[in-house]
Amino acid sequence: MNSNVKELLDTVVSNDYCIGCGICASVYNSPLSMEMDDNGKYKPVINNNIEAEKEIEVLSVCPFSKESKNETEIGSEVFSRNPEASFNEYTGYFIKNFAGYVKEGEYRSKGSSGGMGSWVAAQLLKNDLVDGIIHIKPSKEEKKLFEYSISYNEGELSNGAKSKYYPIELSEVVNFVRKHDKRFALVGIPCYIKSVRLLADQDVKIKNSIKYFIGLVCGHLKSDMFAKSIGWQLGIKPENLINIDFRKKLAGRSANQYGVEVQGNINGEIVTKSSPTKELYTTNWGHGFFKYNACDFCDDVLAETADITIGDAWLPEYLRDSQGTNVIVVRNPDILNIINDNKDQLFLNEISTDKVYKSQAGGFRHRREGLAYRLFLKDMNKEWRPTKRVEPNDKLSSKRKKIYIKRQKLVQESFKAYKIAEDSGDFNTLIKHMDPFIKDYNKDTTPFFLKKMLKNIKKMIKDSL
């Protein structure tokens with residue numbers, strides 16, 4: 001085993017900072033391959049069938065190693081030469097920011113939010129700027145629900161619409177790209193976009209083949225336990241889950257009050273079941289059930305290395321529309337030209353970087369303020385951790401410190417709880433295990449006035465009995 005590979009496995013992987021992107025396994029002649037571990041997360045492992053002929057530079061392509069460039073450095077190399085580009089510490093480089101959605105066709109109705117991701121991808125195909133779109137679609141393999149695949153036309157593209165809160169990896173599709181003389185656009189979360197940018201630095205074939213990067217605003221990546229737990233709550237056992245729609249729009253509800261729909265086998269019959277997301281136990285995004293540890297050590301919310309970033313416009317003026325509205329950060333002039341040339345197909349409001357920040361304020365607090373404290377704790381305990389753009393510090397109130405510590409506890413315990421439930425065959429044992437941790441967490445997150453109101457209501461009920 002060469003020293004680069006050993007260091008990657010001994011630091012990033014063994015300390016659970018691996019995001020499972022698979023780029024280390026995509027480096028030419030890499031002795032690594034990707035496997036899913038018992039927590040439902042992809043990890044690189046040594047492939048004994050491959051003998052590396054030379055030193056493999058895996059550390060330089062891993063988004064969480066100490067040897068790779070950060071997002072600001074990559075962004076500067078890619079975007080700063082454009083005289084129209086500006087820089088903001090939260091958005092990275094940008095030309096213009098918008099809130100909007102697609103008016104034409106079914107892009108919006110079939111998308112998680114405003115449909116802009118699929119629309120931009122379709123325009124790249126229509127304008128002959130790429131031959132194919134690399135994005136996540138239902139898997140052809142029985143043991144996994146989703147995987148990276150390639151669409152070559154609009155019909156194929158629609159099969160990959162909507163967000164997939166599910167573990168995926170890039171090694172197979174990157175190796176396919178390397179073997180074919182075609183032009184592609186890649187759709188991905190921030191760390192995946194970053195990792196392919198890093199790979200392109202040392203692989204001319206990848207650099208010349210992947211022409212555009214469409215980034216997705218990211219809260220965090222989930223293990224496969226997330227999808228399985230949702231199906232289980234709706235009566236489908238984990239091994240019988242066939243498909244899941246994580247973002248089913250609910251008419252008459254606000255955009256952030258969406259639902260989930262699952263398909264699976266119950267007693268030999270294929271059934272479809274759905275529920276508002278807020279009624280399920282494991283879907284509170286703030287609790288972070290089944291989150292990759294690496295996500296708590298990421299400081300990129302807005303895919304700063306992507307040519308365009310698309311997410312949910314979680315802003316009061318757009319929430320009432322159940323069909324959803326996107327927040328859009330444009331960094332590449334080619335894509336801005338596409339948007340400007342097709343404004344009749346879109347609803348767009350240009351917005352400030354402050355509005356962009358507010359649309360993802362919770363994510364930024366967790367990944368900047370919270371990250372600084374998590375880094376401080378790692379350094380205080382003399383534990384290995386990635387180098388980040390955020391400086392470690394503990395300049396927080398005791399309440400905020402407790403919140404961040406308890407969030408990490410919720411994540412850790414969620415994996416234990418799932419395995420306990422799996423062993424018992426009863427989802428209620430997961431609830432029983434997690435309830436005390438959630439109640440303890442809620443003590444610090446429930447606003448004081450709400451606590452007082454609930455206390456008064458309980459007293460009124462007690463007095464009336």
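These are my notebook entries on a predicted model, taken up by topic.

**Entry 1: the sheet**

I began with the strands, and I found an open sheet of eight of them, with mixed pairing, in the order S7-S6-S8-S9-S13-S14-S5-S15. Which strands stand at the edges? I noted strand S7 (146-151) and strand S15 (346-350) there, each with a single partner strand, so one side of each is left without a neighbour in the sheet. Direction ignored, neighbouring strands of this sheet are turned by 30° against each other on average.

I then looked up one pairing within the sheet, that of strand S5 (residues 96-102) with strand S14 (residues 326-330), which runs in the antiparallel sense over five bridges. Following lysine 96 across to S14, I came to valine 330 as its bridge partner.

**Entry 2: helices on the sheet**

Next I asked what packs on this sheet, and one helix that does is H4 (residues 116-126), which touches S5, strand S6 (132-138), strand S8 (184-188), strand S9 (210-216), S13, S14 and S15. The direction of helix H4 makes about 170° with that of S9. Helix H11 (residues 333-341) also packs on the sheet, where I found it touching S5, S9, S13, S14 and S15, and its direction makes about 130° with that of S14.

**Entry 3: aromatic pairs**

I turned to the rings, bearing in mind that a pair of aromatic rings is described by the distance of the centres and the angle of the planes. The structure holds 20 aromatic pairs, and I wrote down two in detail.

In the pair of tyrosine 90 and phenylalanine 364, the ring centres are 5.0 Å apart and the planes stand at 70°, which is over the 60 degrees required, so I recorded the pair as edge-to-face. Where in the chain do tyrosine 90 and phenylalanine 364 lie? Tyrosine 90 is in the loop between strand S3 (86-88) and strand S4 (92-94), while phenylalanine 364 is in helix H13 (residues 361-380), so that the pair links distant parts of the chain, 274 residues apart. I also looked up how far each is covered: tyrosine 90 is partly exposed, with a relative accessible area of 23%, whereas phenylalanine 364, at 1%, counts as buried.

The second pair, tryptophan 232 with tyrosine 418, is edge-to-face as well, with 5.9 Å from centre to centre and 75° between the planes. Tryptophan 232 belongs to helix H9 (residues 224-233) and tyrosine 418 to helix H14 (residues 398-424), so this pair ties together parts that are 186 residues apart in sequence. Tryptophan 232 is buried at a relative accessible area of 12%, and tyrosine 418 is buried at 1%. Both residues belong to a cluster joined by ring pairs, whose members are Trp232, Tyr281, Phe289, Phe290, Phe415, Tyr418 and Phe427.

**Entry 4: charges over rings**

Phenylalanine 415, which is listed in that cluster, has lysine 41 lying over its face, at 5.0 Å from the ring centre. Elsewhere I noted arginine 247, whose charged end sits over the ring of tyrosine 258, 4.2 Å from its centre.

**Entry 5: salt bridges**

Side chains of opposite charge can pair when their charged atoms come close. How many salt bridges does a search of the whole structure find? The search finds 38, and I followed up three of them.

Lysine 6 and aspartate 10 meet through their side chains at 2.6 Å, N to O; both lie in helix H1 (residues 3-13), four residues apart, which is about one turn of the helix. Lysine 6 is partly exposed at 44%, and aspartate 10 is partly exposed at 41%.

Lysine 43 and aspartate 37 form a salt bridge at 3.4 Å, N to O, in which lysine 43 counts as buried at 13% relative accessibility and aspartate 37 is partly exposed at 25%. In the salt bridge of aspartate 379 and arginine 385, at 2.8 Å, N to O, aspartate 379 is partly exposed at 34%, whereas arginine 385 is buried at 12%.

I also recorded a network of salt bridges that links Glu71, Lys194, Asp299, Glu304, Arg368 and Arg389.

**Entry 6: alanine 303**

Last, I looked up alanine 303, which is placed in the loop between strand S12 (269-276) and strand S13 (308-312). Is alanine 303 buried or exposed? Alanine 303 is buried, with a relative accessible area of 0%. Leaving aside neighbours within four places in sequence, I found alanine 303 in contact with Pro190, Gly215, Leu216, Thr309 and Arg331. From C-alpha to C-alpha, alanine 303 and isoleucine 214 are 8.6 Å apart in space, and they are 89 residues apart in sequence.

Methods
Residues numbered from 1 in each chain as written. Predicted model: local features only at pLDDT ≥ 70, side-chain atom pairs only at ≥ 80, totals over all residues. Heavy atoms only, no water. Phe/Tyr/Trp six-rings, centres within 6.5 Å; stacked < 30°, edge-to-face > 60°. Helix = DSSP H or I, 4+ residues; strand = E, 2+ residues; numbered from the N terminus. Buried < 20%, exposed > 50% of the residue type's maximum accessible area, 1.4 Å probe, protein only. Lys NZ or Arg CZ within 6 Å of the ring centre and 35° of its normal. Contact = heavy atoms within 4.5 Å. Salt bridge = Lys/Arg side-chain N within 4 Å of Asp/Glu carboxyl O. Pairing = 2+ DSSP bridges. Axes fitted to C-alpha atoms, helices over the stretch in contact; angles between N-to-C directions.
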